[in-house]
Amino acid sequence: MRVKTFAVGGLALMLLSGCVTTNATLLNGSTLPAGAMLQPEQIAIYRTADQVGKSYREVAILTSTGDSNLTDMSAFHKSMQERAAKVGANAVILGATREPSTGVELASLILGVPANRKSEAIAIVVDGLVPPPPKARKK
């Protein structure tokens, strides 16, 4: 009984929080970092390359996908920050976001299939960028 309650609760939490998946394609011979990585909340987010204001190196293309009915852009940004940290970046430059078409949205409602939103970003290493201190982790 307890396992069943846990499974149903976990499924409900996943549905309520929405699920965003972010994949990374490494660029220009970039390799995954061997040392300590930044925490996701330390990864800076820029809307355009002009906002960076310093020289930077592109590390990876980030591609995120999530159900448009269950996610919002903050979930996309968080997922991008997590993936950027894993590839050794200290910032991301947001790219285009594509919403599902009306036909896909209708199919989602009728057939119960996901209507995915897709978003792209570039993970970068900004020269001289001092990240904010990481948040204290709860024990």
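This briefing describes the fold, the sheet and one surface patch of the protein shown above.

The structure is a predicted model. The protein contains three helices and five strands, and along the sequence these elements follow the pattern α-β-β-β-α-β-α-β. The five strands form an open sheet with mixed pairing.

**Overall composition**

- The protein has 139 residues, and 29% of them are buried.
- Its accessible surface comes to about 9100 Å². Carbon and sulfur atoms account for 60% of that surface.
- Among the contacts with a separation of 6 or more, 86% are between residues 24 or more positions apart.

**The sheet as a whole**

- In general, the strands of a sheet pair through backbone hydrogen bonds, and the pairing is either parallel or antiparallel.
- Across this open sheet, the strands stand in the order 1-3-5-4-2.
- Strand 1 (20–26) and strand 2 (44–46) are at the edges. Each of these two strands has a single partner strand, so one side of each is left without a neighbour in the sheet.
- From one strand to the next, the twist averages 30°.

**Pairing of strand 4 with its neighbours**

- Strand 4 (residues 91–98) and strand 5 (residues 116–126) run antiparallel and are joined by six bridges.
- Two residue pairs can be located between these strands. Val92 has Ala123 of strand 5 as its bridge partner, and Arg98 stands opposite Lys118, also in strand 5.
- Strand 4 also pairs with strand 2, here in the parallel sense and over three bridges.
- In this parallel pairing, Ala44 is opposite Ala91 of strand 4.
- Strand 4 therefore illustrates the mixed pairing of the sheet, with an antiparallel partner in strand 5 and a parallel partner in strand 2.

**A nonpolar patch on the surface**

- Leu106, Leu109, Ile110, Leu111 and Val113 form a nonpolar patch on the surface. Together, these residues have about 560 Å² of accessible area.
- Leu109, one of the patch residues, lies in helix 3, which spans residues 102–111.
- Leu109 has a relative accessible area of 67%. A residue counts as exposed when this value is over 50%, so Leu109 is exposed.

Note on methods: Residues are numbered from 1 along each chain as its sequence is written. This is a predicted model: local features need pLDDT of at least 70, side-chain atom pairs count only at pLDDT 80 or more; totals for chains, interfaces and linings use all residues. Side-chain values use heavy atoms; hydrogens and water are left out. Patches are made of residues with over 30% relative accessible area and no salt bridge: like charges are joined within 9 Å, nonpolar side chains (Val, Leu, Ile, Met, Phe, Trp, Tyr) within 5 Å. Accessible areas come from the Shrake-Rupley method with a 1.4 Å probe; for residues, only the protein chains shown count as cover. A salt bridge is a side-chain nitrogen of Lys or Arg within 4 Å of a carboxyl oxygen of Asp or Glu. Helices (H or I, at least four residues) and strands (E, at least two) are DSSP runs, numbered from the N terminus. Buried means under 20% relative accessible area, exposed over 50%, partly exposed in between (1.4 Å probe, protein chains only). Two strands pair if DSSP finds at least two bridges between them. Axes are lines fitted to C-alpha atoms, for helices over the stretch in contact, and angles run from 0 to 180 degrees between N-to-C directions. Contact means heavy atoms within 4.5 Å.
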